[in-house]
Number of protein chains: 2
Amino acid sequence: MIDEKHDFLVIRPAEEADVSLLAEFIRGIAEYEKLLDQVVADETILHESFFGSQPSAEALIAEWEGKPAGFAVFFENFSTFMGRSGLYLEDLYVNPEYRRKGIGKALLARLAKIAVERGCPRFEWVALDWNQNAIDLYEKWGAEQLKQWRIFRLSGENLAKLAGTSY
Amino acid sequence: MIDEKHDFLVIRPAEEADVSLLAEFIRGIAEYEKLLDQVVADETILHESFFGSQPSAEALIAEWEGKPAGFAVFFENFSTFMGRSGLYLEDLYVNPEYRRKGIGKALLARLAKIAVERGCPRFEWVALDWNQNAIDLYEKWGAEQLKQWRIFRLSGENLAKLAGTSY
């Protein structure tokens, strides 16, 4: 049964030829998250980020029966307490027509495997609090929700203003 | 007045000779966050992480009248939508006896400056939801709290279990 599923689903690292596919997926996830107005990344920027001389992220592609069905973007972060890198999943997306086939879980499982192989003690990601379906699955798969932590972001004018503060 | 403050406070990048100081600071922050049992990092691990052949994080040291008073640990993360790196502050700590002197803000301001210099469009960090003093300051300095996002973490046995899942 497992072998049979393997015939349909392939998870592979993204290659340079996948840049336009990655751009398409990113617009897909932004639309789903209702954040399309925030997307700045184009193919030139993505090529540099994933395949430039100093890549800042990596990606996995999921193919179902040979067709691109989903993707995951990840990078290594750092835990001060562990003194080591962890794996951080920045985005995971499965095209609507390929959902409910276990592709999301397969991408997460592959990332967990990469974390173990690289000696990363933690594998982390974020989810929107209204996405209860996803949250239920993450918890079912053993992820702990870090309920006490809140994320803060400085950008644009406020970032420039603090950057210019004298001390 | 600003120049006068500069005489007391120096913010500088951490150097190899600072590894034991970094280890001390990390225990300090863990104690403050009531998470001392989670600290695994020792001097060997920290040396490799900050000054090894492939550093996974960077640190700033704050000195007040020539004495170490605080530190910040940071790395570059990645935003899929921006297609670019952001600056991520992993930890910031000021020794209790040096608080209320503006050292925390000076560390944040220096990091904001580094983000701008490196072309990072976002500067992000997390805070514990009971740390209202810190949250009030972050918001005063222009940071936006991303209230909709929740953090998930897989580690230990649950990480190994998902890593071993067939698909």
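**Exercise 1. Is strand β4 (residues 84-94) of chain B mostly covered or mostly uncovered, and how many of its residues are buried?**

Solution. Keep in mind that this is a predicted model.
- Step 1: Find residues 84-94 of chain B, which form β4.
- Step 2: Apply the cut-off, by which a buried residue has under 20% relative accessible area.
- Step 3: Eight of the eleven residues in β4(B) are buried, and the strand is mostly covered.

**Exercise 2. Work out how β4(B) pairs with strand β3 of chain B.**

Solution.
- Step 1: Locate β3(B) at residues 67-79.
- Step 2: Follow the pairing with β4(B), which is antiparallel and has ten bridges. As a landmark, B:V94 in β4(B) lies opposite B:G70.
- Step 3: Look at the hairpin, where four residues sit between the two strands. Here B:G83 adopts a positive phi near 70°.

**Exercise 3. Trace the path from β4(B) to strand β5 of chain B and give the handedness of the unit.**

Solution.
- Step 1: Begin with the pairing: β4(B) and β5(B), the latter at residues 122-128, run parallel and are joined by three bridges. B:W125 in β5(B) faces B:L89.
- Step 2: Add helix α4 of chain B, residues 103-118.
- Step 3: Together, β4(B), α4 and β5(B) form a β-α-β unit that is right-handed.

**Exercise 4. Describe chain A as a whole, starting with how many helices and strands it has.**

Solution.
- Step 1: Chain A contains six helices and seven strands.
- Step 2: Read from the N terminus, their order is α-β-α-α-β-β-β-α-β-α-β-β-α.
- Step 3: Of the 167 residues in chain A, 54% are buried.
- Step 4: Finish with charge: chain A carries 27 negative and 19 positive side chains, with the centres of the two sets 7 Å apart.

Conventions. Residues are numbered from 1 along each chain as its sequence is written. Chains are lettered from A and ligands numbered from 1 in the order in which they are written. This is a predicted model: local features need pLDDT of at least 70, side-chain atom pairs count only at pLDDT 80 or more; totals for chains, interfaces and linings use all residues. Side-chain values use heavy atoms; hydrogens and water are left out. Buried means under 20% relative accessible area, exposed over 50%, partly exposed in between (1.4 Å probe, protein chains only). Lys and Arg count as positive and Asp and Glu as negative; His and the chain ends are not counted. The place of a charge is taken as NZ of Lys, CZ of Arg, CG of Asp or CD of Glu. Two strands pair if DSSP finds at least two bridges between them. A crossover is right-handed if, with the strands pointing away from the viewer, the path from the first strand over the helix to the second runs clockwise.
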